[in-house]
Amino acid sequence: MAASDCFAETAKQVKWQRYNGGFFTIEIPEGWEVVTAGSCATFSFIIRDPQNPIRRIFYFGEAGPVYLNEHQRQIDYQYMGMNGFPVQWINMPTVQPLTAENFFKQFYLMAQNQLVQNFMPGTPALNSFQVISSVPQRSSLMDADAKVIRALFKEFNIVGEGMFYTAAAPLLPYDGISPGAGIGYGFCCTGVSSYKKDFKEWEAVLLKSLRSLQLDERYITQCRQMQDKMWNSISEINKIWDDISDIIQESWEYKNAVQDAAAEKWSDAMLGKERLYDPDTGEVYEFEAGFYDEYDLNRGKYKNSDLQPIPNDDYELWSRPTKNGAEAI
């Protein structure tokens, strides 16, 4: 994918269409794809721009399972080796301790797993998931670690940015004996993301779509009649996505200059870049990582010999757009 293709459309140009999935409806940008899987507590979807696949919304009612510790996996291997039933999640990652941040950091391993791909092809990879900030949230689930997380990630060799929510909680406790135990899930696992360069512009569009999702009341009744624990714990099912959207929106609005600077630094690290600025003009330039060390020893060889690294606490400089370093030297 050419970089110039990523930003051809702006959020202001979005045209909306209503998608009818039979038991649910949702407003989506015109031309976007909708992929669904599961039902009731496991109902999941991905909504994405086919031309810019990092620009998307995803929701997994139950994401997992993951192991609570590595010893449980060994118990399961021993059990299968004694002609026990296959443990389908034997190759899923271990998330220890089971926190919302750690869950998303291991999400790339879940996305690679055949069990997950069979359930939802195209599950977001979220490689190199780097937490910029996290805000604890209340959850009705016992022992859940629920947080909204602002983070960077890498897919298709491009840095993306997003806001993510999950309530990470154990489902079956670890007792050191029982096969098939010692697992947890990320419940209501939700994310909105786009390219780092334009997430601020697209965030409102993504949340507007997420808020618009409505489930058919008859479908909700059927799920409740099944006495599904996850769904019974929510008094107004159709409000869950609206609630999550509000949580994400509030967390995004509370972001600050320190977080913004941290995001820029991590983006440079992911892409193998570094920034220098011209103290005389205030212009910020982007170079390959490691350039400054060679430059500093040989300043006289360059037409501009005054470039400096950006101070860690100069948040205003970190927020400025970058220019190609070749223009400065």
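How many ångströms should the 12 residues of helix α1 (residues 70-81) span at 1.5 Å a residue, and how far apart are its end C-alpha atoms? Keep that question in mind while we get our bearings; we will come back to it at the second stop.

**Stop 1: the whole chain**

Start with everything shown as a cartoon. Remember that you are looking at a predicted model. The chain has 329 residues, and 49% of them count as buried. Turn the view slowly: along its principal axes, the C-alpha trace spans about 75 × 50 × 35 Å. You should be able to pick out 11 helices and 14 strands. Now think about who touches whom. Of the contacts with a separation of 6 or more, 59% are between residues 24 or more positions apart.

**Stop 2: helix α1**

Select residues 70-81, which form helix α1. Here is the reply to our opening question: the expected span is 16 Å, and the end C-alpha atoms are 17 Å apart, which agrees. If your viewer has a distance tool, try it on those two end atoms.

Next, show the side chains of Gln 72, Arg 73, Ile 75 and Asp 76, the buried residues of α1. Look straight down the axis of α1: these buried residues fall within an arc of 160°, so they line one face of the helix. A little background helps here. An α-helix has 3.6 residues a turn, so residues three or four places apart point the same way.

What do the buried residues of α1 pack against? Select strand β5 (residues 52-67), and you have their packing partner. Then swing round to the other side of α1, where Gln 78 and Gly 81 are exposed.

**Stop 3: the ends of α1**

Which residue caps the N-terminal end of α1? Select Asn 69, whose side-chain oxygen lies 3.1 Å from the backbone nitrogen of His 71. The side chain of Asn 69 also reaches the backbone nitrogen of Gln 72, at 3.0 Å. You have met Gln 72 already, as one of the buried residues of α1.

Asn 69 sits in the loop between β5 and α1. Is Asn 69 buried or exposed? Its relative accessible area is 11%, which is under the 20% cut-off, so Asn 69 counts as buried. To see its company, add Thr 94, Gln 96 and Tyr 174: setting aside neighbours within four places in sequence, these are the residues in contact with Asn 69.

Before leaving, hop to the other end of the helix. Just after α1, Asn 83 takes a positive phi of about 65°.

**Stop 4: strand β9 and its partners**

Now select residues 183-195, which make up strand β9. How many of the 13 residues of β9 are buried? The count is 13 of 13, so β9 is largely enclosed by the rest of the structure.

Bring back β5, which pairs with β9 in the antiparallel sense over nine bridges. Highlight Phe 58 and you will find it opposite Gly 191 in β9. Then select strand β8 (residues 158-172), which also pairs with β9 in the antiparallel sense, over 11 bridges. Here, Pro 170 has Gly 184 of β9 as its bridge partner.

As you look along these strands, a general pattern is handy. In a regular strand the side chains alternate between the two faces of the sheet.

**Stop 5: the cysteines**

Colour the cysteine sulfurs. The structure holds one disulfide, and it joins Cys 40 to Cys 223, with the sulfurs 2.0 Å apart. The pair links distant parts of the chain, 183 residues apart: Cys 40 is in the loop between β3 (33-37) and β4 (44-49), while Cys 223 is in helix α6 (residues 217-225). The torsion about the S-S bond is about -85°, so this disulfide is left-handed. Cys 40 counts as buried at 7% relative accessibility, and Cys 223 counts as buried at 0%.

Why is there no bond between Cys 188 and Cys 189? The sulfur of Cys 188 is 9.2 Å from that of Cys 189, its closest cysteine sulfur, and this is too far for a bond. Cys 188 is buried at 8% relative accessibility, and Cys 189 is buried at 0%.

**Last stop: helix α5**

Finish at residues 199-211, helix α5. Its 13 residues should span 18 Å, and its end C-alpha atoms are 18 Å apart, which agrees. Its buried residues include Phe 199, Trp 202 and Leu 210.

Definitions and conventions: Residues are numbered from 1 along each chain as its sequence is written. This is a predicted model: local features need pLDDT of at least 70, side-chain atom pairs count only at pLDDT 80 or more; totals for chains, interfaces and linings use all residues. Side-chain values use heavy atoms; hydrogens and water are left out. A disulfide is a pair of cysteine sulfur atoms within 2.5 Å. Helices (H or I, at least four residues) and strands (E, at least two) are DSSP runs, numbered from the N terminus. Buried means under 20% relative accessible area, exposed over 50%, partly exposed in between (1.4 Å probe, protein chains only). The expected span of a helix is 1.5 Å times one less than its number of residues. Two strands pair if DSSP finds at least two bridges between them. The arc is that of the directions from the helix axis to the C-beta atoms. Contact means heavy atoms within 4.5 Å. A polar contact is a pair of N or O atoms within 3.5 Å; within protein, one must be able to donate a hydrogen and the other to accept it, and residues adjacent in sequence count only if both atoms are side-chain atoms.
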